[in-house]
Each structure stands twice: as structure tokens, then as C-alpha cells.
Amino acid sequence: DDIVTTLAEAQKLADGGTTVSFENRYQCKHGGYVWLSWTASAYPSEQLIYAVAHDVTQRKASETLALEASTRLQTVLDSVLDGIITINQAGRIESFNRSAEKLFGYRAKEVVGENVNILMPEPYHSQHDGYIQQFQQTGRAKIIGTGREVRGRRKDGSIFPLDLAVSQMHIGGQPMFVGITRDITARKHAEQALQDTMALQ
């Protein structure tokens, strides 16, 4: 694959390109590998190609470790029974675990980047952005750091009761919010059935 990449980039220069940048991996004499980042420029008048390479092995190793850590974290989140949703300070969904997909009927790719109010019925749908802005301006929180019963809206438009707990964290100096959600439809039905039974006595 690395040879194919190198030849493909060289062909771009041969076809009239002026400068190309790419990365590839080479096996060292001792058996290990080194990653090089290349910048190559063509000079047709001189019938020459000048190329400069930088060793980016350490950077590639760091990227691999970060990807592995992210994959492990996502695996853990996807194994949790509760729906876990993270949003940024603009109220946009950053992550949506597998249980959240089952709970709301959306695939993660459908909601990541969308305003979290897509998961809320009225009047919460319209009020949510104002709540985020008020919290950022005043620091007064209604549900952050506490749990409460709210209503959610699925992709098919159906409304259902859920427990919601929201906490705040900071990543890279930026505030983020984590919502942990649990469908309590069965519990609410049981409570209603108990109330009906007591009312008949």
C-alpha cells in the first residue's frame, strides 16, 4: 500500500502537478518501521523532482494510541444499558451511545452535530437553547448535577418518560455536558396501575 501511494503521488507530478504531500511507511534494516511525511515538487524545465521528508513516526504512534483509547472508551460506552449523550456548549450532540440509539430510534450518525432538542418534545424543544445560554451567562443550573423525570421524543415522534441526569465536564478547556438517560415507561405504568388499584379500594 505504501508503494502504491508513492507511485500514485509521483504520477500526479508526471501528469503536470507542481507539488504533492503524502505520508508512507518504510521498513528499517533492523526490522522496525518508520513513517515519513513527504513534500515533493516538480520542476519540468529541469526535468527534476525535489522531495523533502520528515520523520513523523512519533506522531503516528501517538495518533494510533489515541485512536485505540477512543475505541476502547466507545466500546465501554456502548456496553452500558443507559443512554449516554454528550453535547457541547452550543447544545450540539457530540456522541450518542448504542443504548441511546435504541432508546430514541436514531442512529448516532443521524444526530451527531444536531441540536440536542431534536430529542425533546415541546415545550422543552423550544426552551432548551435559552436554558443553555442562561446557564452560560449566570451559572444557574436547573438540572445539571441533579436527576429528574422528563419526557423524550423518539425519531418516530412518540413521546415517552425518562430519567435524566446531567453533569458538566471540561475537555481541552471547553465545557461539555453528559446526559445519562433511562426509559421509565414500565415504571410509570406500574405506578399508574397501583394508583388505580388503590383508588378502587
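Helices and strands here are DSSP runs, helices of at least four residues and strands of at least two, numbered from the N terminus. With those labels, D82 can be placed in the loop between α2 (57-79) and β4. Welcome to this structure, which is a predicted model. The points below visit its nonpolar cores, the loop residue D82, a set of salt bridges and a patch on the surface.

**The nonpolar cores**

- The largest nonpolar core has 20 residues, and I85, I93, F96, F104, Y106 and L119 are the ones that touch the most other members.
- Several elements each supply at least two residues of this core: β4 (83-88), β5 (93-96), α3 (98-104), α4 (108-111) and β7 (159-171).
- Strand β7 gives the largest share of this core, with four residues.
- As background, nonpolar side chains tend to be buried together in soluble globular proteins.
- F104 is a good residue to look up in the viewer: leaving aside residues up to four places away in sequence, F104 touches I85, F96, L119, G152, R153, R154, K155, F160, L162 and T181.
- Another core, of six residues, lies apart from the largest one, and V20, V34, W38 and A40 are among its members.

**D82, a loop residue**

- Although D82 is found in a loop, D82 counts as buried, because its relative accessibility is 16% and the cut-off for buried is under 20%.
- Not counting residues up to four places away in sequence, D82 touches N97, S99, I180, T181 and R182.

**Salt bridges between β1 and α2**

- The whole structure holds 13 salt bridges, according to the search.
- One of them joins R59 and E23, whose closest N and O atoms are 2.4 Å apart.
- R59 belongs to helix α2 and E23 to strand β1 (residues 19-27), so this pair ties together parts that are 36 residues apart in sequence.
- R59 has a relative accessible area of 36%, which means that it is partly exposed.
- E23 is partly exposed too, at a relative accessible area of 26%.
- E23 also forms a salt bridge with K60, and here the closest N and O atoms are 3.4 Å apart.
- This second pair links distant parts of the chain, with E23 in strand β1 and K60 in helix α2, 37 residues apart.
- K60 is buried, because its relative accessible area is 18% and buried means under 20%.

**Salt bridges between β7 and α6**

- R187 and D163 meet through their side chains in a salt bridge, at 3.1 Å from N to O.
- Since R187 lies in helix α6 (residues 185-200) and D163 in strand β7, the pair ties together parts that are 24 residues apart in sequence.
- R187 counts as partly exposed at 35% relative accessibility, and D163 is partly exposed with a relative accessible area of 24%.
- R187 and D163 also belong to a network of salt bridges, in which they are linked with E149, K188 and E191.
- Strand β7 therefore appears under two topics: β7 supplies four residues to the largest nonpolar core, and β7 holds D163 of this salt bridge.

**A nonpolar patch on the surface**

- Y43, L48 and Y50 make a nonpolar surface patch of about 290 Å².
- Of these residues, L48 lies in strand β3 (residues 48-55).
- L48 is partly exposed, with a relative accessible area of 39%, and residues in patches need over 30%.

Conventions. Residues are numbered from 1 along each chain as its sequence is written. This is a predicted model: local features need pLDDT of at least 70, side-chain atom pairs count only at pLDDT 80 or more; totals for chains, interfaces and linings use all residues. Side-chain values use heavy atoms; hydrogens and water are left out. A nonpolar core is a set of buried Ala, Val, Leu, Ile, Met, Phe, Trp, Tyr and Cys residues joined through side-chain atoms within 4.5 Å. Buried means under 20% relative accessible area, exposed over 50%, partly exposed in between (1.4 Å probe, protein chains only). Contact means heavy atoms within 4.5 Å. A salt bridge is a side-chain nitrogen of Lys or Arg within 4 Å of a carboxyl oxygen of Asp or Glu. Patches are made of residues with over 30% relative accessible area and no salt bridge: like charges are joined within 9 Å, nonpolar side chains (Val, Leu, Ile, Met, Phe, Trp, Tyr) within 5 Å. Accessible areas come from the Shrake-Rupley method with a 1.4 Å probe; for residues, only the protein chains shown count as cover.
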